[in-house]
Amino acid sequence: MTSTSLRKKRSAGSATLVALGGVLLGGAVFAVLGDPSEASDGGGSGGSGESALAGCTDRGDLDDLGGLTDPTRQAWLAAVDAAAADGAEMSLTSGYRTCQHQQRLFDEKVDEYGSVEEASVWALPPDESNHVRGIALDVGPGPAADWLQDHGARFGLCKTMSWEWWHFEYDPEWERSESCPDPAPRP
Ligand SMILES: [Zn+2]
């Protein structure tokens with residue numbers, strides 16, 4: 001039931017509507033359990049048809065490492081080895097996330113910051129998150145992230161957001177060119 005509750009919270013699109021979750025839950029349960037064909041189409045089941053999860057596709061019920069795309073995982077494992085050889089012990093704080101997991105994080109940020117805009121600085125909705133796409137990795141601890149920032153390009157792993165020292169993404173073009181683009185400035 002949690003998932004349908006979260007789905008409705010997100011589709012409400014605003015923290016102020018979260019309180020309606022309980023009311024909406026009944027309808028959501030019917031939409032998901034009562035008529036799977038309707039739920040999967042997303043067209044007509046009473047709501048706006050714009051569930052945030054509608055545009056989100058899970059890679060499967062996989063773990064942080066297992067859910068990464070193959071090139072991303074290979075790049076990560078190679079980087080871990082190279083970091084270890086340099087004396088930096090790198091660990092994966094968060095890798096692949098399911099749509100539902102990302103939705104939960106996003107909802108928590110909306111609750112914390114009180115607006116979708118500010119929440120999106122810290123956690124994107126599931127249909128926009130590169131963690132859900134399996135190409136983003138949160139790395140720790142700090143010194144290891146520093147190592148990856150200095151050496152990640154040759155693995156195609158780059159820090160993409162200037163305000164999140166722990167967040168890296170994989171791109172084959174970065175690996176080919178062995179160079180990273182400038183991280184995006186904080187919105
Ligand atoms: Zn991240």
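This passage describes the fold, the zinc site and some local features of a predicted model.

The chain holds eight helices and four strands. Read from the N terminus, these elements follow the order α-α-α-α-β-α-α-β-α-β-β-α. Of the 187 residues in the chain, 37% are buried. Among contacts with a separation of 6 or more, 62% are between residues 24 or more positions apart. The accessible surface amounts to about 9,700 Å², and carbon and sulfur atoms contribute 51% of it.

A word on confidence is useful before turning to the details. The mean pLDDT of the chain is 80, with 72% of the residues at 70 or more. Residues 1-50 have pLDDT below 50, and this stretch makes 43 contacts in the model beyond near neighbours in sequence.

The zinc ion is a good place to start a closer look. Its protein donors are His131 through NE2, Asp138 through OD and His167 through ND1, at 2.0 to 2.1 Å from the ion. Along the sequence, these donor residues follow the spacing H-x6-D-x28-H. Both His131 and Asp138 are buried.

Asp138 also belongs to strand S2, where five of five residues are buried. In a regular strand, side chains alternate between the two faces of the sheet. In S2, Ala136, Asp138 and Gly140 point one way, while Leu137 and Val139 point the other way, and all of them are buried. The zinc donor Asp138 thus shares its direction from the strand with Ala136 and Gly140.

S2 has pairing partners in both S1 and S4. Strand S1 (residues 91-94) runs antiparallel to S2 and is joined to S2 by three bridges. Within this pair, Ser94 stands opposite the zinc donor Asp138. S2 and S4 are likewise antiparallel, with three bridges between them. Here Ala136 of S2 has Glu169 of S4 as its bridge partner.

Just beyond S2 comes a local feature of the backbone. The peptide bond between Gly140 and Pro141 is cis, with omega of about -10°. Pro141 lies in the loop that links strand S2 (136-140) to helix H7 (142-151).

Helix H7 has a buried side and an exposed one. Ala144, Ala145, Trp147 and Leu148 are the buried residues described here. These four are on the same side of H7 because they cover an arc of only 155° around the axis. An α-helix has 3.6 residues a turn, so residues three or four places apart point the same way. Pro143 and Asp150, on the other side of H7, are exposed. The cover over the buried residues of H7 includes helix H4 (70-85) and strands S2, S3 (157-159) and S4 (167-170). S2, which carries the zinc donor Asp138, is therefore also part of what covers the buried residues of H7.

A second backbone feature appears further along the chain. What is the phi of Glu178, which is not a glycine? Glu178 has a positive phi of about 50°. This residue sits in the segment after helix H8 (172-177). With a relative accessibility of 53%, Glu178 counts as exposed, in contrast to the buried residues of S2.

Definitions and conventions:
Residues are numbered from 1 along each chain as its sequence is written. Side-chain values use heavy atoms; hydrogens and water are left out. Donors are N, O and S atoms within 2.8 Å of the metal (3.2 Å for Na, K and Ca); water is not among the atoms, so sites may look incomplete. Buried means under 20% relative accessible area, exposed over 50%, partly exposed in between (1.4 Å probe, protein chains only). pLDDT is the predictor's confidence in each residue, from 0 to 100. Contact means heavy atoms within 4.5 Å. Helices (H or I, at least four residues) and strands (E, at least two) are DSSP runs, numbered from the N terminus. The arc is that of the directions from the helix axis to the C-beta atoms. Accessible areas come from the Shrake-Rupley method with a 1.4 Å probe; for residues, only the protein chains shown count as cover. Two strands pair if DSSP finds at least two bridges between them.
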